[in-house]
Every structure is written in C-alpha cells, then in structure tokens.
Amino acid sequence: RPGAGAVIEDPCPTCAGQGRLRELKKYRVNIPAGVKDGSRIRLPGKGEAGLRGGPPGDLYVITHVTDSPVFRRKGENFEVEVPITVAEALRGADVEVPTLHGTKKLRVPGGTKHGTVQRLRGEGPPTLNGKSRGDIHYRFVIDVPRELTDEQRAAVEALSSVINGNPREALLRQAAGGRS
C-alpha cells in the first residue's frame, strides 16, 4: 500500500494498490417531512471505504427542494399571494384559498388594503421534529385590470364621484409643514 512503508511493484489491477474500490451504489433515503433546501441527511457508514481496511465513512445527502408555484416558504411558515378584486377589497367577501390539504374559506373584511395578511395556524409545513406545523400566511393583493371597458370606466367614474376626498392630502400637508 502506498504510504505504508512498502513499495508495491506490481499493484493489483482492480484497486491499483489502494486496497479499496470506488463503486456506484444506490440507496433509498427517507426524506423527513419539513426538510428545507440545503439540509444535510447523514447516512452513517455508507460513505467511502476507509484506508488500510478502516471502517467506511458517512455519506451526506444534500436536499434541493423545488419551489412551489403557490406556497413560498418564510421560515417555518408558508406565504400565499391571494388576488382579490377592487370590489371585494371595498365591500368584503368570502374567498376560497388553497391549503396543503384542499381549500378553505377566508373572510376578507370590507376596506381591506393591498398587502393585508391573514394567518391560518397549524396549516403550514410540518417542522423537522414532526411535533408541530407552521402556519400559512395569506397576503391579499388587489388585482387591478390594465385596461377598462367603457362600462367599467363609467362605473369607476361613478364610484369616484361618490367617494370623497384626496387620500394624499394629509401626506402633502405633512410634507409641506416639515420643510424649513
């Protein structure tokens, strides 16, 4: 063996004098629920053979978790963007939202602002210890159409005429008062 104080003049053609072989093996690995991207799973004794007949080392499997188009991980929780219409934001509505096990209804209160978050406790991903579950946070985003039909434009004009005030008035007044 090289480095063992002996020169091997006619090394074994199979191991080239290393005393160990490199081979490809397949293992079935149980991935625990709640695993995150980049987590390491240790398989003891399944690594490369040790030198000079030593025991094999450990094999580490690095997980790569594919992103969901619906559920985005935020720490121990999931976040879901839920589009709502302008009318639903103004008057309120019951909306159906996805969960990991189907759907549930959430109440959108009247006057909901863009970006408002509601939470369903314990409906999110399982934690690695398996004893609890995270939450799902639903972020309401107001879906504003890019173009309006003539009928929609007339409805917006009618709404604009009955909703009084300028929402930027206080902001501009504060900004003007803060200048020296």
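**Briefing on the predicted chain**

Phe-71 is buried, with a relative accessible area of 15%. This residue belongs to a predicted model, in which the chain holds 3 helices and 8 strands. Buried residues account for 21% of the 180 residues in the chain. The points below cover the fold, the surface and the aromatic side chains.

**Fold**
- Along the sequence, the helices and strands follow the pattern β-β-β-β-α-β-β-β-β-α-α.
- Read in that order, four strands precede a helix, another four strands come next, and two helices end the pattern.
- Of the contacts between residues at least 6 apart in sequence, 44% join residues at least 24 apart.

**Surface**
- The exposed area of the chain is about 13900 Å².
- Carbon and sulfur atoms supply 51% of that exposed area.

**Aromatic pair**
- The structure contains 1 aromatic pair.
- The ring centres of Phe-71 and Phe-78 are 5.5 Å apart and the ring planes meet at 40 degrees, so the pair is tilted.
- The angle of 40 degrees falls between the limits of 30 degrees for stacked pairs and 60 degrees for edge-to-face pairs.
- Phe-78 has a relative accessibility of 13% and therefore counts as buried, the cut-off being under 20%.
- Phe-71, at 15%, is likewise buried.

**Charge over a ring**
- Arg-40 is placed over the face of Tyr-60.
- The distance from Arg-40 to the ring centre of Tyr-60 is 4.3 Å.

Notes: Residues are numbered from 1 along each chain as its sequence is written. This is a predicted model: local features need pLDDT of at least 70, side-chain atom pairs count only at pLDDT 80 or more; totals for chains, interfaces and linings use all residues. Side-chain values use heavy atoms; hydrogens and water are left out. Buried means under 20% relative accessible area, exposed over 50%, partly exposed in between (1.4 Å probe, protein chains only). Contact means heavy atoms within 4.5 Å. Accessible areas come from the Shrake-Rupley method with a 1.4 Å probe; for residues, only the protein chains shown count as cover. Rings of Phe, Tyr and Trp (its six-membered ring) pair if their centres lie within 6.5 Å; planes under 30 degrees apart count as stacked, over 60 as edge-to-face and the rest as tilted. A charge sits over a ring if NZ of Lys or CZ of Arg is within 6 Å of the ring centre and within 35 degrees of the ring normal.
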